Amino acid sequence: MGVDVIVAGLGAHGSSAAYRLAARGASVLGFDRFARGHTLGSSGGLSRIIRLSYYEHPDYVPLLRRAWTLWRDLERESGDKLLTETGGLYAGEPEGELVAGALESARTHRLEHEVLDVAALRERYPLFEWPDGWQGVFEPQAGWLAPERSIETHLRLAEQNGATLRFEQPIAGWTSTREGVRVTTATGAFEAKQLVIAAGAWESQLAPSLAPELSVERNVLLWFEPTAQREAFARLPIYIVDDIDRIFYGFPYIDGQGVKVAGLHFGDKADPDTIDRTVSAGDEERVRRWLRRRMPLANGERRDARVCMYTNTPDAHFIIDRLAADPNVLVASACSGHGFKFSSVIGEILADLVIDGETRHPISFLAADRLVRG
């Protein structure tokens, strides 16, 4: 008989998909290769940014608006605190990717925002060293999500709605059948009408047809104790800075954690099964160099450090689509370092595609064949 759908991977997108599918009455069987609550994939790190004036592409904004609503709905249903609203600051050269892109999204979708010249940046955010000529964009509807708690909330509600979730049980392989899909693990074979692959850094192992378009990158997250003005750091919004070498991002001071800062895309290639999870002095220095340049009072004692992974596509956009050769198989991955905030709405999209065969959400720009066309 089997189930309606098997979900491969129960991290950010898989946990959300399992919940949304089960809540709509589908029979769901989920598998994850690691123990429940693990942080060995791409979704750990205690805090993840959510924002609407999306510099990456204006087409993400409708998805973000829905994601924000679903996060708030999830909080009400579960009683868990998941989203902390702080506002968001994006700063750099006015013509740079970050500032110009954030303004394009804000203006295209009429999002509430302010444009700040360098004098305003210096007055409002004196913890930073702002170069002459820079510009900032501030939006009030931005903040941070608690990723580990968000995933567990999705998992718990999935189970409450009837989903069966199995951990420490990696999927060895799958094949399409006349009726749907057969999935094999170390404990046996399982039948389903459809399969959702949301395996993050392991996506290419379960969807090898996408492997040429996917690459895994090691990323290091660091937390520091400010040397002074802790209360001022606690009042900061989330921030993204397009600097002379790359984009850096960070969070306000969070009690029990400190100030979290990281750089985007240092380009360290990784194998998810053998990745180096030890944070080296070199890893730390890459971020401290930026702190000395732009936020010197944050350059205090290191409180914590963790390694996660980005799964990147060539154009840094996600893939949400059916496999061309196996239409009963859906893939949702390749977040390219900016996907966690979308997981609430991606779960809804995957439920739409499994149950209805289509979704009202605008996802054509995330189709897999764009990579071939490009």
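The following exercises, each with a worked solution, concern a predicted model of one protein chain.

**Exercise 1. Overall form**

Task: Describe the secondary structure content of the protein chain and decide, from its radius of gyration, how its compactness stands against the globule rule.

Solution: Begin with the inventory, which for the protein chain comes to 10 helices and 20 strands. Next, take the radius of gyration, which is 21 Å and lies close to the 21 Å that the globule rule gives for 374 residues, so the chain is as compact as a globular protein of that length. The extent along the principal axes can then be added, since the C-alpha atoms fill a box of roughly 65 × 45 × 40 Å.

Turn now to burial and contacts. Of the 374 residues, 59% count as buried, and the accessible surface of the chain comes to about 15100 Å², with 48% of that surface belonging to carbon and sulfur atoms. Finally, among contacts with a separation of 6 or more, 72% are made by residues 24 or more positions apart.

**Exercise 2. A sheet of three strands**

Task: Work out the strand order of the open sheet that contains β3, β8 and β4, identify its edge strands, and place the helix that packs on the sheet.

Solution: The order in this open sheet of three strands is β3-β8-β4, and the pairing is antiparallel. The edge strands are β3, residues 48-51, and β4, residues 83-85, each of which pairs on one side only. From one strand to the next, the twist averages 30°. Helix α2, residues 61-78, packs on this sheet and touches β3, β4 and β8, with a direction that makes about 115° with that of β4.

The pairing can be followed through its bridges. As a general point, the strands of a sheet pair through backbone hydrogen bonds, either parallel or antiparallel. Here, four bridges join β3 to β8, the strand of residues 142-145, and the two run antiparallel. In this pairing R51 stands opposite A142, while I50 stands opposite G143. On the other pairing, three bridges join β4 to β8, again in antiparallel fashion, and E85 stands opposite G143. G143 of β8 thus has I50 opposite it in one pairing and E85 in the other.

**Exercise 3. Two charged residues of helix α8**

Task: Determine whether D283 and R294 are buried or exposed, and list the contacts each makes beyond its neighbours within four places in sequence.

Solution: Both residues are placed in helix α8, which spans residues 281-294, as is recorded for D283 and for R294. D283 has a relative accessible area of 7%, and because buried means under 20%, D283 is buried. By the same cut-off, R294 is buried with a relative accessible area of 10%.

For the surroundings, neighbours within four places in sequence are set aside. D283 is then in contact with R218, V220, L222 and T278, whereas R294 is in contact with L127, F128, E129, P131, W134 and D243. One further detail concerns the side chain of D283, a polar atom of which lies 2.9 Å from the backbone nitrogen of S280.

**Exercise 4. Three residues in loops**

Task: Locate I363, H265 and S336, classify the accessibility of each, and state which phi values H265 and S336 adopt.

Solution: I363 is found in the loop between α9, residues 343-355, and α10, residues 369-373. With a relative accessible area of 11%, I363 is buried. Leaving aside neighbours within four places in sequence, its contacts are L63, I320, I349 and L353. The separation between I363 and A172 is 191 residues in sequence and 29 Å in space, taken from C-alpha to C-alpha.

H265 lies in the loop between β16, residues 259-263, and β17, residues 268-269. Its phi is near 55°, a positive value in a residue other than glycine. At 33% relative accessibility H265 counts as partly exposed, because this class runs between the 20% limit for buried and the 50% limit for exposed.

S336 is found in the loop between β20, residues 326-333, and α9. S336 is not a glycine, although it has a positive phi of about 55°. In contrast to the partly exposed H265, S336 is buried, with a relative accessible area of 3%.

Notes. Residues numbered from 1 in each chain as written. Predicted model: local features only at pLDDT ≥ 70, side-chain atom pairs only at ≥ 80, totals over all residues. Heavy atoms only, no water. Pairing = 2+ DSSP bridges. Axes fitted to C-alpha atoms, helices over the stretch in contact; angles between N-to-C directions. Contact = heavy atoms within 4.5 Å. Rg over C-alpha atoms; globule rule 2.2 N^0.38 Å. Buried < 20%, exposed > 50% of the residue type's maximum accessible area, 1.4 Å probe, protein only. Areas by Shrake-Rupley, 256 points an atom, 1.4 Å probe, with all protein chains shown as cover. Polar contact = N/O pair within 3.5 Å; in protein donor to acceptor, adjacent residues only side chain to side chain.
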